[in-house]
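Here is a walk through one protein chain, going from the overall fold down to single residues. Have a look at the sequence and the model first, then read on.

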Amino acid sequence: MKKTLLAHSLCLAAAACAMAPVVHADPTDLGAGFSLSGNATIVNDYRFRGFSQTDFRPAAQLGFDIAHSSGFYLGNWNSNVSDFVINEGNLEMDFYGGWRGPVAGDLGLDIGALHYYYPGSSSAKSGGNINNTDIYLGVTYQTFSLKYSYTPSDFFGVADTKGTWYLDASGTYDLGDGWGLVGHVGYQRLKGAVSYTADDEKISGYVDYKLGVTKDLKGWVVGLAAVGANKDNWLPTKYGHPSGRLGAVVSVSRTF
């Protein structure tokens, strides 16, 4: 398969979408209602929406968030990626901002925008860097969440995909003694069915999933999860393996 940003349409997500689970450390008080927090993760395979972004190789990830007591926030999250997936790009940089807070009891909202940027990458459409902006609306209830993301322009530069959207549901469950259960299921709807597979199959949507366990070891969280997608052959890797095939994702993460 040709190495282009077409492979990229399956990717990405911001800090909140990284596959590794994290625990929440106390943020640093900056005064005037502002606080700063960070997160770091090492993972054996960076998966987003079921598909490998690193050609089944490890990734190092780092993010920072500035939040205000009013609920507004800004953040940045970064990860290495494969230049086979991101044409001529090796780094993903996500910039996001919005508002989150409670609206009634345990019910909360999260509204914002997310911009994906890949320094040095090349878009077949524009000739410049690959980039994309999503707007999102999330609803949370205790440890469960439902999130809708919408792309108002062509999805990562893929022609005729304006209006692409993604819906995902995620949750965690405390098993006690530092153990946790994590689960996720999502549906990617790609406007303008396209043919990215070796057998010329046209795909307009797919389901991705994740199920795993975590263990908190004095602030270090170790995770093991099964991750995949039902259309696993959409984006082959460098050596022809389906990047959405079911696989084990191992992670070690910490917040600070």
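What follows covers the fold, one run of paired strands, the core, a surface patch, the salt bridges and two glycines.

**The chain as a whole**

Keep in mind throughout that this is a predicted model. The secondary structure is quickly told: the chain has 15 strands and zero helices. Of its 256 residues, 46% count as buried. If you take the contacts between residues at least 6 apart in sequence, 54% of them join residues at least 24 apart. The accessible surface comes to about 12100 Å², and carbon and sulfur atoms account for 62% of that.

**Three strands in a row: β6, β7 and β8**

A good place to start is β7, residues 91-104, since it pairs with β6 and also with β8. With β6 (residues 72-80) it runs antiparallel, and nine bridges join the two. One of the residue pairs here is N76 with its bridge partner F95 in β7. With β8 (residues 107-117) the pairing is again antiparallel, this time over 11 bridges. Y96 has L114 in β8 as its bridge partner.

What sits between β7 and β8? Two residues separate the strands of this hairpin, and G105 takes a positive phi near 60 degrees there.

**Inside: the largest nonpolar core**

The largest nonpolar core has 27 residues. Which of them touch the most other members? That would be Y46, F51, I86, Y96, Y118, F156 and W234. Two or more residues each come from β6, β8, β13 (202-217) and β14 (220-229). β14 gives the largest share, namely three residues. Y96 thus turns up twice in this story, as a well-connected core member and as the bridge partner of L114.

**Outside: a nonpolar patch**

There is greasy material on the surface too. V103, L107, V139, Y141, F144, L146, Y148 and L167 make a nonpolar surface patch of about 670 Å². Both β9 (131-141) and β10 (144-150) supply at least two of its residues, and β10 gives the most, with three. F144 is found in β10. Is F144 buried, partly exposed or exposed? Its relative accessibility is 45%, so F144 counts as partly exposed.

**Salt bridges**

Side chains of opposite charge can pair when their charged atoms come close. In this chain, the count comes to three salt bridges. Here they are, with the distance between N and O atoms:

| Salt bridge | N to O distance |
|---|---|
| R47 and D45 | 2.8 Å |
| D55 and R57 | 3.0 Å |
| R100 and D110 | 3.9 Å |

How do these pairs sit with respect to the surface? R47 and D45 are both buried. The second pair is mixed: D55 is buried at 8% relative accessibility, while R57 is partly exposed at 43%. The third pair, R100 and D110, is mixed as well: R100 is partly exposed at 40%, whereas D110 is buried at 16%.

The R100 and D110 salt bridge takes us back to the hairpin. R100 lies in β7 and D110 in β8, so the pair ties together parts that are 10 residues apart in sequence. The two strands are thus linked by the side chains of R100 and D110, alongside their 11 bridges.

**Two buried glycines**

Finally, a look at G38 and G71. G38 has its place in strand β2 (residues 34-43) and is buried, with a relative accessible area of 4%. Which residues does G38 contact, once neighbours within four places in sequence are left aside? They are G63, F64, R254, T255 and F256. G63 is 25 residues away from G38 along the chain, yet their C-alpha atoms are separated by 5.5 Å.

G71 is found in the loop between β5 (59-68) and β6. This glycine is buried too, at 11% relative accessible area. Leaving out residues up to four places away in sequence, G71 touches G98, W99 and R100. So R100 appears once more: besides being touched by G71, R100 forms the salt bridge with D110. The C-alpha atoms of G71 and P102 are 9.1 Å apart, with their positions 31 residues apart along the chain.

Conventions: Residues are numbered from 1 along each chain as its sequence is written. This is a predicted model: local features need pLDDT of at least 70, side-chain atom pairs count only at pLDDT 80 or more; totals for chains, interfaces and linings use all residues. Side-chain values use heavy atoms; hydrogens and water are left out. Two strands pair if DSSP finds at least two bridges between them. Helices (H or I, at least four residues) and strands (E, at least two) are DSSP runs, numbered from the N terminus. Buried means under 20% relative accessible area, exposed over 50%, partly exposed in between (1.4 Å probe, protein chains only). Contact means heavy atoms within 4.5 Å. Accessible areas come from the Shrake-Rupley method with a 1.4 Å probe; for residues, only the protein chains shown count as cover. A nonpolar core is a set of buried Ala, Val, Leu, Ile, Met, Phe, Trp, Tyr and Cys residues joined through side-chain atoms within 4.5 Å. Patches are made of residues with over 30% relative accessible area and no salt bridge: like charges are joined within 9 Å, nonpolar side chains (Val, Leu, Ile, Met, Phe, Trp, Tyr) within 5 Å. A salt bridge is a side-chain nitrogen of Lys or Arg within 4 Å of a carboxyl oxygen of Asp or Glu.
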